[in-house]
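Ready for some pocket hunting? Have a look at the model below, then try the exercises before reading each solution.

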Amino acid sequence: MSLTVSNLTKRFGPKTAVDNLSFTMAEPGVYGLIGTNGAGKTTTIRMILGMLPADGGSAAWDGQPVAKGVRYGYMPEERGIYMKTKVIEQLVYFGMLRGMAKSEALQASRRWLERLRASEYENMLAEKLSKGNQQKIQLISTLIHDPQLLFLDEPFSGLDPLNTQQFHELIQEMAAAGKYIIMSSHQMSTVEEYCREITMLHRGQALLQGDLKEIKAGYGHTKLVLGAPEEAYAMARAAGLRQTEARPDENVFALPETGADALCEKLLRGMLAKNIMPAKFELSEPALHEIFIKIVGEEEGRQAA
């Protein structure tokens with residue numbers, strides 16, 4: 001089983017929103033579509049689902065259109081629930097729209113409400129709920145029919161830390177259970193936490209694609225996170241490291257492109273020789289947001305030239 005996107009293109013008048021985009025999700029897990037607002041993420045999802053006609057290319061689940069070939073769920077970024085309707089009534093309605101019997105939809109609705117600690121809202125109008133609880137209801141409406149393929153568009157938007165943790169646990173459970181999940185987000189830390197593979201979109205074009213661990217490893221160690229007494233920070237600066245960030249209990253130093261490991265080994269030996277035992281001495285690859293800023297910045301520079 002796999003989702004295959006081949007040369008998808010979408011234009012709105014003179015603007016090309018998605019430009020010849022291709023990617024494949026061949027294994028269960030979470031695939032990240034990342035980029036700033038307006039990069040083409042939502043347009044891509046809607047073309048995959050057949051909600052928007054493509055001007056070129058195709059998307060298929062095992063050779064068939066997604067809408068025909070697999071039981072899927074789509075959670076849009078915008079609220080898609082009925083504000084003047086009771087929670088349980090609309091969840092049952094959404095379940096029946098997806099082919100469930102009424103009794104089956106009712107049972108699944110109550111099971112999901114309990115799972116997301118929202119049973120107390122069963123008979124409330126959706127408009128009476130907080131934004132976070134409205135997001136829960138929208139997620140339940142996406143999952144109620146047990147889809148195999150899921151599209152989550154900015155799923156953590158507007159959530160408080162508690163609800164974020166609930167969503168986090170649920171997405172991990174679904175991935176472990178063999179679900180295929182396409183997650184669209186501009187929050188790079190979120191993508192790093194969940195996604196095995198990514199496509200980075202900018203102005204409708206794929207600037208970077210592939211296995212996230214391999215992408216980060218390709219940049220090597222770019223920074224040293226050091227938690228130690230001030231004397232150790234002075235030693236790092238004296239060794240030629242540039243401090244980029246000061247945190248309450250640690251400092252961050254940029255590493256040179258060549259010779260970083262040998263330099264850090266020498267620094268650590270020097271600290272130990274002075275009986276300085278660091279609480280933290282961590283060589284790190286760049287964060288995804290750093291890679292994103294670098295690649296998009298380079299692309300903007302090329303276009304401006």
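Here are three exercises with worked solutions on this predicted model.

**Exercise 1.** Work out whether Thr142 is buried or exposed, and where Thr142 is found.

*Solution.* Begin with the secondary structure: Thr142 belongs to helix α5, which covers residues 131-143. Next, take the relative accessible area of Thr142, which is 0%. Buried means under 20%, so Thr142 counts as buried.

**Exercise 2.** Find what surrounds Thr142.

*Solution.* Start with the polar partner: a polar atom of the Thr142 side chain lies 2.9 Å from the backbone oxygen of Gln138. Then set aside the neighbours within four places in sequence; Thr142 is in contact with Gly73, Tyr74, Met75, Pro147 and Leu150.

**Exercise 3.** Describe the two largest pockets, taking volume, lining and residue classes in turn.

*Solution.* The largest pocket holds about 490 Å³ of space. Its lining has 19 residues, with Thr222, Lys223, Ala254, Leu255 and Pro286 closest to the centre. Two or more lining residues come from each of β11 (242-246), β12 (251-254), α10 (260-273) and α11 (288-304). Sorted by class, the lining has eight nonpolar, three polar and eight charged residues.

Now move to the second largest pocket, with a volume of about 210 Å³. Among its 13 lining residues, Tyr74, Pro76, Arg98, Ser141 and Thr142 lie nearest the centre. Both β5 (72-75) and α5 supply at least two residues of this lining. The classes here are six nonpolar, six polar and one charged.

Definitions and conventions
Residues numbered from 1 in each chain as written. Predicted model: local features only at pLDDT ≥ 70, side-chain atom pairs only at ≥ 80, totals over all residues. Heavy atoms only, no water. Helix = DSSP H or I, 4+ residues; strand = E, 2+ residues; numbered from the N terminus. Buried < 20%, exposed > 50% of the residue type's maximum accessible area, 1.4 Å probe, protein only. Polar contact = N/O pair within 3.5 Å; in protein donor to acceptor, adjacent residues only side chain to side chain. Contact = heavy atoms within 4.5 Å. 1 Å grid on protein atoms, 1.4 Å probe; cavity = no way out; pocket = protein on both sides within 12 Å on 5 of 7 lines; lining within 4 Å. Points joined across faces, edges and corners; volume = space filled by probe spheres on them. Nonpolar A, V, L, I, M, F, W, Y, C, P; charged D, E, K, R; others polar.
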